[in-house]
Each structure stands twice: as C-alpha cells, then as structure tokens.
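Thank you all for making the time; I would like to walk you through a structure that may be new to most of you. Please have a look at the sequence and the model first, and then I will go through some places in it one at a time.

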Amino acid sequence: MKGYGGRILFVDCTTGASRVEALGETPARALLGGNGLAARLLYDHVPAGIDAFNPRNAVVFAVGPITDTTVPGNSRALVAAKSPLTGLFFDSTFGGRFPATLKRTGFDAVVLTGRAAAPSYVVVDETGARVAPAAALWGRSTRDTVNALLAAEGGDADAIAIGPAGEHRVRFAALAHYWKNREAVSGRGGLGAVLGSKNVKAVVVKGARKTEVADAAALKALLEEVREPLKKGTAALSTFGTPFLVGPINALGALGSYNLRREVFEQARVIGGEEMKAHYHDRDTTCLKCPVACGKQYAIKEGEFAGTKAKMPEYESIFALGPMLGIAEPEALILANDLCDLLGLDTISMGVTLAFVCEALERGWLSEKDVGVPFGWGDWRGMLKLVEMTARREGFGDRLAEGAWRLAESVHSEGTKLVYAVKRLELPAHSARALKGLSIGYATATRGGSHHDTRPTPQYAPTFDRRSTADKPAFAARSQHFTAVGDSLVMCRFTSERGFGLFIDEPYARMVRAVTGWDVSVAELESIGERIVNLERLFNVREGVRRAADVLPWKVMHEPIPDGPSAGMHCPPDELAAMLDAYYALRGWDPDGVPTAAHLARLGL
Ligand code: SF4
C-alpha cells in the first residue's frame, strides 16, 4: 500500500515480547489510520468495563497515510487509550518530529499493553520493540527524560515521555516530546497516566523507512494550489501563535473567566498574543517540515523571573490558567505552562480544576486548611504551588489529581454544578454557551469537553450564525466527521483548516487519492468519518454511555452569560434535548443515543 508501513506492532510490557500484524488494505481504506485505526484497535483489544489503569488497557501510538509526506503539517501522531478521566475512548494528537520518525519505523500503529515489573521505556525501531530499564529516569521531568534518552539512543531517535504526573497517575497527565527547540504535547484525557500505570516512562522511535506516495505529481499540484491560501490563513498563527485568539474571542464575549461567572475578561489585552509577543518573543519553533512555525519560545528578560526561557502558553492554556482563575499576570502563565509541560500535566484540566477550587473556597465549601496553601482568584503564586502538588499528589494535590468532577463530588453534594466539564473532561477555551454549534458539539463529543471533536473555527466566521440552534446538529455531525478524518490522516488541524478547508471536501479527497492511489471520493471520506465516530460511540456505549451522559455543564444549561456581547446566551435543557433528538435522528441512532444495527450495517461495522 502507498502511504502506509502496512504493519501494526503489539508490545506486551509485562513480558517485553512483541509481535507484528499486517495492516490490510480493507481496514486501512475503511479507517485511514491514526484515529480510525486506534478506535478499531481499542474496541477490539480493550475489554469492556475494565479500569483505565488495568494492565489490559492499551496505549496506542498511531500515524496515518500522510505522515512523513510533503503535506504541510504532516508530522502529527496520536496517542489513544481508555481515559482515566472519562472512562471512555480517548485520543490526543501531537507534533514535533516524533510522528515522522514513528512512520519511518514502518509501523502505522504501536499498541502497548500489560505492565512492566519496574520503570521502563519502550524502544521501537524497524525490527520491533524492546523494553529497557528506566529506573534512573523515574521522577524526572519530561524534558530531562527525553534529553537523557536521546543521549542514550542517538540523535536520530525521537522520544515522548511522561513526567511525575503520569507516574503518579494524575487523571489528566500528559506526554511531552521535545525536538530541537520544539515542544509537542499530547495533553488531553490523562493518557500519560495510563502509560505511567504500565510503568512506562517513555517511548523512543527510530527508523529510516520512506513513505511512498502513489502520485507525487498530483500531490505536488495540490500543494502548489494551497500554498498561498495556507500562507494567508496562517499569518496570525505564524506571527503570534494561538494566543492571537485571546483578543477576538474576548471581544465576542466568549472567553470564560472566573469559572464561567463571566465570559469577558477585562485584562485580556495583557495576556493576548500581541502583547505577549511584544514583551516575551524569543524565537519561532516549528514541527518537522511545517512552514507555519506557530510555536514560539518566550524569554523573560527582567524582573523576578529574568532569564526564564519557556514555550509560549497556547490559547487554551492561557484561558484555563489565566482568566478562569482571574489571573492576568503573563509571566505567571509562562511559568505555570512550563511547569505543567515539565511535570506532564494537561493545562486545560489543571486550570479548570483550580477554577472550581477558587469558587468552592469562596463559597466556604473548601477552606485554606483543606487546600494547604493560600489560594483564591488571582493568586498565581498559589496556583504554581498547587500545580506542583498535583503532579506529585502531595497534600491537597492528591485530590486535585482526580480532576474537577471527582474533586467536586468529594467536596459538596452540589459541587459538580460548579464544574465546567462534559463526561468529566474539563472544557477548553471555546464557549459552550456563546457558540451553539459547540453546545451540541460538546454534548455529543466522544471525548466530552474537547474542541477537537466539533470544531470552533468555522463558528467564529462573521457569516456563521452562532446564536441559532436550527442547523447545529447537522453542523456538529459534519464537523465531527472532518476531525475524525483529519486525525486519521493524521494532519495538523491548523494547516488542514487553513489550507485545505473546514470540512471534508475535494482537496482532502485529492490528497488521499494522490497519497494512496485509491479512487476515493468526498462521499467516501465523509462515510469514513462517520464510521469512525460510530466506532468511538460504540466503545462508549459499551462502557454505559447513553443519552443521559450527553449533557452539558450545569452552568451552561442554567446560568446565562451575565454581560458582554454574548449576554443572555446559554443552552437550557429543553433546547439541548431538541438538538439531541435531531442529532440522533441524523446519525441513525435510537432516541437513547445508541447506534442502530441497521445503521451500523450500512457503515460496515
Ligand atoms: S501549524 Fe504549528 S502545530 Fe501545526 S504542524 Fe505547523 S508548527 Fe506544528
């Protein structure tokens, strides 16, 4: 097959044994790779009902047909497992160089199961895998670990590692990969904790296999056509990185602050892309062969933290660690973001969990004695301390490490009403109240509170009616197909959306035809996206998900945005119910949200 290594590697971390299975053309064409392949592998290999930390849970690393081709944003891979936060299917992508190197091993997916007897790391090369001891790395930061492994395994290797948070099974532990000055984080869903539960500190890849493309001339022609639109569409990302979003989204009245008490943040300017760039920009960083270079390294030049160099906090991290906590101190955001990356924590879940703590403290549901350090709205020093405590489960950090939902359940009988989460995954920086497409999008997302199931990007266009619910179930479904296909190719969302389009359309069909040689149409790609979404839903249904789980945070349903340009917007239960009815009908699911046998048969599932 063109575009594929054609092999899947299974590694048993308990015994160190590995085996190779062929990836046939039929499943490859039905699921593409990446997300789709991971969904199939998890559905087939993870027994229903097991705890996410059970050794029988699997961690899948996967790439897709366009990985390591000439498509901009092609060095993207994903990690997938049953999530310890949601208890459901989860996948989370990352960039850097690791994805291209994984592809060069000739494996389209690597599946880790079991549990090593002692701290270990897994090395994957073209011949298979070995499990090596990593006791000396246990307790070390993600960056130290990656650097130590590259020193041991050679500079042509790439590594992704967990930090102390993953070792301590923090339910929102992340993985981080470092290449040159680029940091790439697979942040969401606590997949780092699943790796930690297997006693696996890191995965190292090395290989030199080339990805063959079926029609190089056709691919080149397509890329020539998108060169200018991509450049234009990514100009703000190239210049400022994702923090350029702070200003416009705040101006829309859709930037959650003070744990959703408001969606306007008065001090937004000082933590937005323009100001941050003016004060802290040190250099641009990029994933392998990507012309956009949306990553930035910041440097703090003066004051208490002078000399600090760290990755720019992304827009999502700014929201969660900044406005949600009433913090408008840019250097605190740089420090907190860096700390989360080094310790291996998801910034969104960390910030949103702390936002719950701020409100619970204010209500007297928690006290300073409970928390162990002074903390409250705007207290960035307390935030930094609590981030460290969370990663190592020290004191109150042990409760924070459970995520906002479980913490809230333990704090007060009405605690979960304050939590900004769907299916126990804390929500990101795209409003569930001010964007009706996300109201239904979050409620039905496989992963819960994720902005990579239904996309916010189309909804910020001035021509998009973000207030009406009328066409939003169809919008959410179509967007979910687009993200499923994008994450199966596997392609960076920024280059994808801004260069090739916001939905599955002819440019994607041309791309797949050129890479694979298959005569794929837009309709076939759309049904591949639908198949993957249904497969993920089946995984979740098997875990007990039904309509009652497709619900929004209490505040989103019951507390209208109080002021600003989106004042009054929310998604009351009856409105959500009507959108769910329409969405299930469109999907061919029964009224309880379960895919029907007839529909599954049509999808070949
Ligand atoms: S746009 Fe940014 S995240 Fe995407 S591949 Fe390029 S540098 Fe990496």
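**A walk through the model**

Let me begin at one residue, Asp338, which is found in helix 12, the helix that runs over residues 330–343. I should say straight away that this is a predicted model, and that what I describe is computed from it. Is Asp338 buried or exposed? At 12% relative accessibility it counts as buried, because the cut-off for buried is under 20%. Setting aside residues up to four places away in sequence, Asp338 touches Arg143 and Ala310. If you then look for Phe482, you will find that Asp338 and Phe482 are 144 residues apart in sequence, and that their C-alpha atoms are 31 Å apart in space.

With that starting point in mind, let me step back to the whole chain. The protein contains 25 helices and 17 strands. Its radius of gyration is 22 Å, close to the 25 Å that the globule rule gives for 605 residues, so the protein is as compact as a globular protein of that length. Along the principal axes, the C-alpha trace spans about 60 × 55 × 50 Å. Of the 605 residues, 64% are buried, and when we take the contacts between residues at least 6 apart in sequence, 69% of them join residues at least 24 apart.

On the outside, the accessible surface comes to about 19600 Å², and 53% of that belongs to carbon and sulfur atoms. As for charge, there are 70 positive and 69 negative charges, and the mean positions of these two sets are 3 Å apart.

Now to some individual helices, starting with helix 2, which covers residues 34–45. At 1.5 Å a residue its 12 residues should span 16 Å, and the end C-alpha atoms are indeed 16 Å apart, which agrees. The buried residues in helix 2 include Gly34, Asn35, Gly36 and Leu37, and further along Leu41 and Leu42.

Helix 22, at residues 522–542, has 21 residues and reaches 30 Å from its first C-alpha to its last, close to the 30 Å expected. Why can we call helix 22 largely enclosed by the rest of the structure? The reason is that 15 of its 21 residues are buried. Just after helix 22 comes Gly544, which takes a positive phi of about 105 degrees.

Staying with this part of the chain, His481 lies in helix 19 and is buried, with a relative accessible area of 7%. Neighbours within four places in sequence left aside, His481 is in contact with Ile504, Glu526, Gly529, Glu530, Val533 and Arg587. In the loop between helix 19 (472–489) and helix 20 (493–500) we find Val490, and here the peptide bond from Leu489 to Val490 is cis, with omega near -15 degrees.

Next, please turn to helix 15, residues 380–391, where Thr390 has its place. Thr390 is at 0% relative accessibility and therefore counts as buried. Which residues does Thr390 contact, once its neighbours within four places in sequence are left aside? They are Val170, Phe172, Leu345, Met350, Gly397, Leu400 and Ala401. In the loop between helix 14 (368–371) and helix 15 sits Pro374, which touches Glu368, Asp379 and Gly382 when residues up to four places away are not counted. Pro374 and His168 are 206 residues apart in sequence, and 24 Å apart from C-alpha to C-alpha.

I will finish with two residues whose backbone deserves a careful look. Arg169 has a positive phi of about 55 degrees although it is not a glycine; it is placed in the loop between helix 5 (164–167) and strand 10 (175–179), and is partly exposed, with a relative accessible area of 29%. Asn199 also is not a glycine and has a positive phi, of about 65 degrees. Its place is the loop between helix 6 (191–197) and strand 12 (200–205), and with a relative accessible area of 15% Asn199 is buried.

Note on methods
Residues are numbered from 1 along each chain as its sequence is written. This is a predicted model: local features need pLDDT of at least 70, side-chain atom pairs count only at pLDDT 80 or more; totals for chains, interfaces and linings use all residues. Side-chain values use heavy atoms; hydrogens and water are left out. Helices (H or I, at least four residues) and strands (E, at least two) are DSSP runs, numbered from the N terminus. The radius of gyration is taken over C-alpha atoms; the globule rule is 2.2 Å times the number of residues to the power 0.38. Buried means under 20% relative accessible area, exposed over 50%, partly exposed in between (1.4 Å probe, protein chains only). Contact means heavy atoms within 4.5 Å. Accessible areas come from the Shrake-Rupley method with a 1.4 Å probe; for residues, only the protein chains shown count as cover. Lys and Arg count as positive and Asp and Glu as negative; His and the chain ends are not counted. The place of a charge is taken as NZ of Lys, CZ of Arg, CG of Asp or CD of Glu. The expected span of a helix is 1.5 Å times one less than its number of residues.
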